[in-house]
Amino acid sequence: MQGMMMHRDLRIIDILTFAAEAYGDQGIVSACEDGSRHRISYPQVLGRVAQLSHALVAMGVQPGDRIGTLAWNSFRHFELYYGISAIGAVCHTLNLRLPREQLIYMLHHAEDRVLFVDPSLVSLVEGMGDDLPAGIRLIVLCDANDMPESSLDLVCYEDLIAPQPAQYDWPRWPEDTAAGLCYTSGTTGPPKGALYSHRSIVIHAMMVPLGFTNSFHAGRKVLPVVPLFHVNAWGLPYVAPLTGMTMVMPGRHLDGESLYQLMDAEQVWSAWGVPTVWAGVLATIRDKGTPPNGLGDLVVGGAAAAASMIAAYEEMGIYVNHVWGMTEMSPVGTRGIVPSQMADAPLAAQIEEKSCAGRRLFGVEFKIVDDTGAVLPHDGASTGELFVRGNSVIRGYFNNAQASATVMDADGWFGTGDVATIGPDGRLVIRDRAKDLVKSEGEWISSIDLENAALSHSRIKTCAVVAVPHPKWDERPILVAVAASDDHPTLEEIHAHLASDFASWQLPDDLILVEELPMTATGKVSKLKLRQQLAGYILPEMR
Ligand code: AMP
């Protein structure tokens with residue numbers, strides 16, 4: 001027998017119309033280039049989102065069209081999230097830190113019809129030259145005064161939306177309609193797209209505050225240091241208006257000092273970002289001798305947060321939430337908080353508890369499996385690849401059946417590539433990565449891509465890239481290689497060789513020449529043994 005309840009398709013724009021009504025005094029504060037801060041309320045944003053929707057339709061944007069964004073965190077970028085999805089189009093956020101070739105790949109693979117660009121990033125687009133998709137419209141996220149000089153045919157965002165009406169009777173799309181697209185470069189090969197729906201985004205936005213009970217309080221401020229181009233800033237552009245919080249957008253200055261000043265001036269309550277960011281802020285806090293005014297809650301994720309850093313913040317009275325997730329999971333999968341039964345435990349025990357990935361959010365299911373696919377018990381000891389399932393998890397990659405087939409199992413679970421244990425109480429510990437990726441400042445560097453490119457250098461015979469822990473960047477890649485002859489290559493020569501295919505931050509920090517690399521029984525380089533051999537190795541800059 002069926003239930004007798006109404007069915008209303010979940011719609012992203014309903015989050016903003018709700019916030020404009022229920023939390024009309026809240027909104028968005030954005031750090032501007034000139035050091036000032038721009039303020040706008042949710043009702044005002046709603047009007048501008050309506051104008052943007054009209055402008056897009058007037059430009060000929062159709063439901064299902066992909067619209068790219070290449071931008072830092074600002075109120076205009078936030079408006080794109082809503083104005084694009086509300087007309088049934090797809091907001092494709094491009095990660096501006098990726099190398100030129102990958103950006104071009106994504107623009108073409110997504111078939112973006114329009115690209116919204118920050119003024120500071122117009123030169124990046126100019127550098128794409130003839131590789132830009134033919135006919136793509138370029139719109140600069142600023143007003144007429146700040147329009148950059150350029151050889152490109154650019155339209156000013158404010159001029160585009162100004163003539164449009166500030167109301168829109170947005171249609172109701174089926175809730176499975178695509179709304180957002182984010183590519184992950186977390187594995188080898190070209191980036192792969194996670195295509196989120198209105199349904200998955202709204203459900204995720206309702207799941208997150210249930211897990212992070214300390215972070216969300218109506219009337220307080222939340223700071224996404226995590227970029228809007230990195231998995232929808234972990235959902236905050238949806239969760240903040242839904243929970244009545246004002247968002248503080250940091251723009252492009254993400255160093256410890258700039259973030260400290262911003263948090264202090266705005267009395268940010270909860271701040272979200274990767275461990276590298278919080279290491280930078282911690283150094284500034286230590287310099288100043290006091291944390292930013294009003295800061296009470298930190299959400300750290302994207303890579304494992306070190307216990308020492310968690311402890312440093314907790315000792316200042318700032319509550320730390322550790323989060324594990326993935327682009328393919330919208331992204332939040334766990335909440336690394338102290339379970340209620342441990343509320344009175346000593347601080348050291350609480351910090352140890354927060355150092356693991358934590359417990360799953362309601363709506364995300366976990367299983368761990370061994371190499372044969374057999375499901376392992378949740379006993380805290382059995383180690384296997386973590387698979388996930390839920391309404392906020394992809395069921396395949398956008399237009400990439402081949403990559404989809406490698407991650408989905410026969411029962412419809414998504415394989416994360418992370419190796420983990422799960423305790424009987426649901427405690428998830430990420431032990432390692434199945435693939436040997438390097439994560440620097442929250443961004444992936446594919447070791448296999450680097451190896452393949454280095455191997456194309458005539459004086460390298462074999463090589464392997466491994467990650468070395470770094471106090472600021474989480475990890476940095478180093479290249480361990482066997483030279484092809486006595487004529488040894490230098491690190492500078494390798495850098496020059498790799499420069500066209502990689503961004504500078506992706507290049508290895510060191511080149512170590514060895515007689516031979518350790519191999520596995522099946523004839524592959526054994527990174528496990530290589531890491532053991534490198535125990536005690538120190539990066540050049542730390543020597
Ligand atoms: P991304 O899709 O770029 O967000 O990267 C997702 C991957 O980052 C995961 O599969 C993990 O390997 C890693 N990761 C994210 N959060 C954590 C965490 N808290 N601890 C350890 N690894 C993490």
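These legends walk through several close-up views of one predicted model.

This is a predicted model, so local features are given just where pLDDT is at least 70, side-chain atom pairs count only at pLDDT 80 or more, and totals for chains, interfaces and linings use all residues. Residues are numbered from 1 along each chain as its sequence is written, and side-chain values use heavy atoms, with hydrogens and water left out.

**View 1. The ligand and the residues around it.** Let's start with the ligand, which has 14 residues around it. A residue makes this list if one of its heavy atoms lies within 4 Å of the ligand. The closest are His 322, Val 323, Thr 327, Asp 418 and Lys 439. Sort the shell by residue kind and you get six nonpolar, five polar and three charged. Here Ala, Val, Leu, Ile, Met, Phe, Trp, Tyr, Cys and Pro count as nonpolar, Asp, Glu, Lys and Arg as charged, and the others, Gly among them, as polar.

**View 2. Polar contacts to the ligand.** Now look at individual atom pairs; a polar contact is a pair of N or O atoms within 3.5 Å (within protein, one must be able to donate a hydrogen and the other to accept it, and residues adjacent in sequence count only if both atoms are side-chain atoms). Thr 327 uses a polar side-chain atom, which sits 2.6 Å from an oxygen atom of the ligand. With Val 323, a polar backbone atom is 2.9 Å from a ligand nitrogen atom. Gly 302 also joins in through its backbone, with an N or O atom 3.3 Å from a nitrogen atom of the ligand. How much of the ligand does the protein bury? Taken alone, the ligand exposes 500 Å², and the protein buries 94% of that. These accessible areas come from the Shrake-Rupley method with a 1.4 Å probe, and for residues only the protein chains shown count as cover.

**View 3. Helix H2.** Helices (H or I, at least four residues) and strands (E, at least two) are DSSP runs, numbered from the N terminus. H2 covers residues 42-58, which makes 17 residues. From first C-alpha to last, H2 reaches 24 Å, close to the expected 24 Å; that expected span is 1.5 Å times one less than the number of residues. Is H2 largely enclosed or largely open? Since 12 of its 17 residues are buried, H2 is largely enclosed by the rest of the structure. Buried means under 20% relative accessible area, exposed means over 50%, and partly exposed is in between (1.4 Å probe, protein chains only). Among the buried ones are Tyr 42, Leu 46, Arg 48 and Gln 51. Val 57 belongs to H2 as well, but Val 57 is partly exposed, with a relative accessible area of 40%. Just after the helix, Gly 60 takes a positive phi of about 95°.

**View 4. Some backbone oddities.** Most residues other than glycine have a negative phi, and most peptide bonds are trans. Which residues go against that here? Gln 267 has a positive phi of about 55° although it isn't a glycine, and Glu 441, not a glycine either, has one of about 50°. You'll find Gln 267 in the loop between helix H10 (256-266) and strand S12 (270-273), where Gln 267 is partly exposed at 46% relative accessibility. Glu 441 sits in the loop between strand S21 (438-440) and strand S22 (443-445); at 28% relative accessibility, Glu 441 is partly exposed. As for peptide bonds, the one from Ser 330 to Pro 331 is cis, with omega near 5°. Pro 331 is in the loop between strand S14 (319-323) and strand S15 (334-335).

**View 5. Two domains and a strand.** The chain is divided into domain 1 (363-433) and domain 2 (437-542), with bounds from an automatic or database domain assignment. Taken over C-alpha atoms, their centres are 28 Å apart. Leu 437 lies in the loop between strand S20 (428-433) and S21, and at 12% relative accessibility Leu 437 is buried. Ile 445, in strand S22, is buried too, at 0% relative accessibility. The C-alpha atoms of Ile 445 and Phe 502 are 9.3 Å apart, with their positions 57 residues apart along the chain.
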